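Could you walk me through this fold, one element at a time? I would like to see how the pieces sit against each other.

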Amino acid sequence: MRLIHCADLHLDSRMNTYLPKEKTRERKAELLHTFHRMIEYAQENRVDAVLIAGDLYDRKSVSAAAKNAVRDAVLNHPEIMFYYLKGNHDTDSAFADPSEIPDNLKMFGNSWTTYVLEGRRQKE
């Protein structure tokens, strides 16, 4: 089994404390690009699952652009399972509508949850 573990991505962070507006926009784009590069790496290397262990986003109010980018990345890679455990910066609003949750995205809540990752990919 090939697994990528990540945490504390803090996508859509305001980053306005120490950076000017132009650098803030640039850094936000870099973070999202890095997320996409991780997914591309997973695809290229036949990774079975990506475990996002908290703080995918940085605040309770997540922009539609950030939500859509993550949802589309997951939807466009049905061969990869994504497991998402909310962190203290995350909120339910990122995936508030259950009909928008892709089949290959499994989320952990406050109660004990288990998922079985069955052989999605065959060894070469």
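Just past the end of helix 1, R46 adopts a positive phi of about 55°. Keep in mind that this is a predicted model, and then let us step back into the helix that comes before that residue.

Helix 1 covers residues 21–44, which makes 24 residues. At 1.5 Å a residue, a helix of this length should span 34 Å, and the end C-alpha atoms are 35 Å apart, so the two values agree. Which residues of helix 1 are buried? They are T24, L31, F35, M38, I39 and A42. It helps to recall that an α-helix has 3.6 residues a turn, so residues three or four places apart point the same way. As for what lies on the other side, the buried residues of helix 1 pack against strand 1 (3–6), strand 2 (49–53), helix 2 (64–75) and strand 3 (81–85).

Let us take the helix neighbour next. Two packed helices are described by the angle between their axes and the distance between the axes. For helix 1 and helix 2, the angle is about 5° and the axes are 11 Å apart. Because angles under 35 degrees count as roughly parallel, helix 1 is roughly parallel to helix 2. Helix 1 brings L32, F35, H36 and I39 to this contact, while helix 2 brings A69, V70 and A73. Sorted by class, the contact has 6 nonpolar residues, 1 polar residue and no charged ones. F35 and I39 thus appear both in this contact and among the buried residues of helix 1.

Now for the strands that helix 1 packs against. Strand 1 and strand 2 pair in the parallel sense over 4 bridges, and one of the partnerships joins I4 to V50 in strand 2. On to the next pairing: strand 2 and strand 3 are also parallel, with 5 bridges. Here A49 has M81 of strand 3 as its bridge partner, and L51 has Y83 of strand 3. How much of strand 3 is buried? The strand is mostly covered, with 4 of its 5 residues buried.

Finally, follow the chain beyond strand 4 (105–108), where N110 lies in the segment after that strand. Is N110 buried or exposed? Its relative accessibility is 88%, so N110 counts as exposed. The C-alpha atom of N110 is 9.6 Å from that of L85, a residue 25 places away along the chain.

Terms used: Residues are numbered from 1 along each chain as its sequence is written. This is a predicted model: local features need pLDDT of at least 70, side-chain atom pairs count only at pLDDT 80 or more; totals for chains, interfaces and linings use all residues. Side-chain values use heavy atoms; hydrogens and water are left out. Helices (H or I, at least four residues) and strands (E, at least two) are DSSP runs, numbered from the N terminus. The expected span of a helix is 1.5 Å times one less than its number of residues. Buried means under 20% relative accessible area, exposed over 50%, partly exposed in between (1.4 Å probe, protein chains only). Contact means heavy atoms within 4.5 Å. Axes are lines fitted to C-alpha atoms, for helices over the stretch in contact, and angles run from 0 to 180 degrees between N-to-C directions. Angles under 35 degrees count as roughly parallel, over 145 as roughly antiparallel, 65 to 115 as roughly perpendicular and the rest as oblique. Ala, Val, Leu, Ile, Met, Phe, Trp, Tyr, Cys and Pro count as nonpolar, Asp, Glu, Lys and Arg as charged, and the others, Gly among them, as polar. Two strands pair if DSSP finds at least two bridges between them.
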